[in-house]
Amino acid sequence: MNFLQNEQFNLKPTANNVSMHKPRILMLYGSLRETSFSRLTAEEAGRILTTMGAEVKFFNPRGLPLFDNNDSADHPKVIELRELVQWSEAQVWSSPEIHGNMSGVMKTQVDWIPLSMGAVRPTQGKVLAVMQITGGSQSFNAINNMRILGRWMRMLTIPNQSSVAKAYNEFTEEGIMKASSYRERIVDVMEELMRFTYLTRDQSEFLLDRYSERRAGQPKLIAM
């Protein structure tokens, strides 16, 4: 490993300033239905997070254009989404499972989030929790695929997750989630999300420092 002999690796976190503001968490949901159970699940998670001390914001995907390779990047909904992503320190994605995958509405939102915006990487190193709802038996296809998306967006997806089966049975007429093991699991997931957010939000520079990127920024030696 002689090629690494002069490389300095910063592998231990150092003490730094601790952020005093509330954790900033963005909620994305994957349905436009008036009675959207993925939205109701996200709203339940948002209430839990608020109780735990987070600042929570929602993005309403209605009116967001289909992804068109940035031809519509100046659309107000695209601008709103990207600003919320940059504001956030963590995110929750809640999608229905449709044809064994996340919804197109959910995927479109992620497609509009760029990996980089100038010198800013809006999702890299941010914490992510994934949830899904189904109209039938419990499934994990949507959350498994959202995990893949989270990895591609360079996010830190927490181990815990939530899948709510037969979601139409799990909410009151007022849209509040009934007491159940599903609700308890969502509390578990949000608790873990908050912990990971507190652990990582002040360590982003340390966590995202990469050998290959440091190498790319070094002057090139020209052989004579």
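A salt bridge, as the term is used here, is a side-chain nitrogen of Lys or Arg lying within 4 Å of a carboxyl oxygen of Asp or Glu. In this predicted model, the side chains of Lys77 and Glu80 meet that condition, with N and O 3.3 Å apart. Both residues belong to helix 2 (residues 76-87), where, being three residues apart, they are separated by about one helical turn. Their surroundings can be described by relative accessible area: Lys77 is buried at 16%, whereas Glu80, at 31%, counts as partly exposed.

By the same rule the count comes to 11 salt bridges, and another of them can be found within a helix. Glu191 and Arg195 are joined by a salt bridge of 3.4 Å, N to O, and both lie in helix 5 (residues 181-200), four residues apart, which is about one turn of the helix. Glu191 is partly exposed at 32% relative accessibility, while Arg195, at 52%, counts as exposed.

Salt bridges that share partners also join Glu7, Asp209 and Arg214 into one network. Within this network, Arg214 forms a salt bridge with Glu7, and the closest N and O atoms of the pair are 2.6 Å apart. Because Arg214 lies in helix 7 (residues 211-216) and Glu7 in the segment before strand 1 (24-29), the pair ties together parts that are 207 residues apart in sequence. Arg214 counts as partly exposed at 23% relative accessibility, and Glu7 counts as buried at 17%.

From these pairs we can turn to the chain as a whole. The protein chain contains seven helices and seven strands, which follow one another along the sequence in the pattern β-α-β-α-β-β-α-β-α-β-β-α-α-α. Along its principal axes, the C-alpha trace spans about 75 × 40 × 30 Å. Of the contacts between residues at least 6 apart in sequence, 77% join residues that are at least 24 apart.

The interior comes next. In soluble globular proteins, nonpolar side chains tend to be buried together. In this chain of 224 residues, 43% are buried, and the largest nonpolar core has 27 residues. Those with the most contacts inside this core are Ile25, Met27, Leu49, Val92, Ile186, Met190 and Leu193. Two or more residues are given to the core by each of strand 1, helix 1 (37-51), strand 3 (90-98), strand 5 (127-133) and helix 5, and the largest share, six residues, comes from helix 1.

Val92 offers a view of how this core is put together, once its neighbours within four places in sequence are left aside. Its contacts are then Ile25, Leu26, Met27, Leu28, Leu49, Ala129, Met131, Met190 and Leu193. A second, separate core of 22 residues includes Val78, Val85, Ile113 and Met155.

The outer surface and the charges complete the picture. The accessible surface of the protein chain comes to about 12,800 Å², and carbon and sulfur atoms account for 52% of that area. The chain carries 26 positive and 24 negative charges, and the mean positions of these two sets are 4 Å apart.

How values were computed: Residues are numbered from 1 along each chain as its sequence is written. This is a predicted model: local features need pLDDT of at least 70, side-chain atom pairs count only at pLDDT 80 or more; totals for chains, interfaces and linings use all residues. Side-chain values use heavy atoms; hydrogens and water are left out. Buried means under 20% relative accessible area, exposed over 50%, partly exposed in between (1.4 Å probe, protein chains only). Contact means heavy atoms within 4.5 Å. Accessible areas come from the Shrake-Rupley method with a 1.4 Å probe; for residues, only the protein chains shown count as cover. Lys and Arg count as positive and Asp and Glu as negative; His and the chain ends are not counted. The place of a charge is taken as NZ of Lys, CZ of Arg, CG of Asp or CD of Glu. A nonpolar core is a set of buried Ala, Val, Leu, Ile, Met, Phe, Trp, Tyr and Cys residues joined through side-chain atoms within 4.5 Å.
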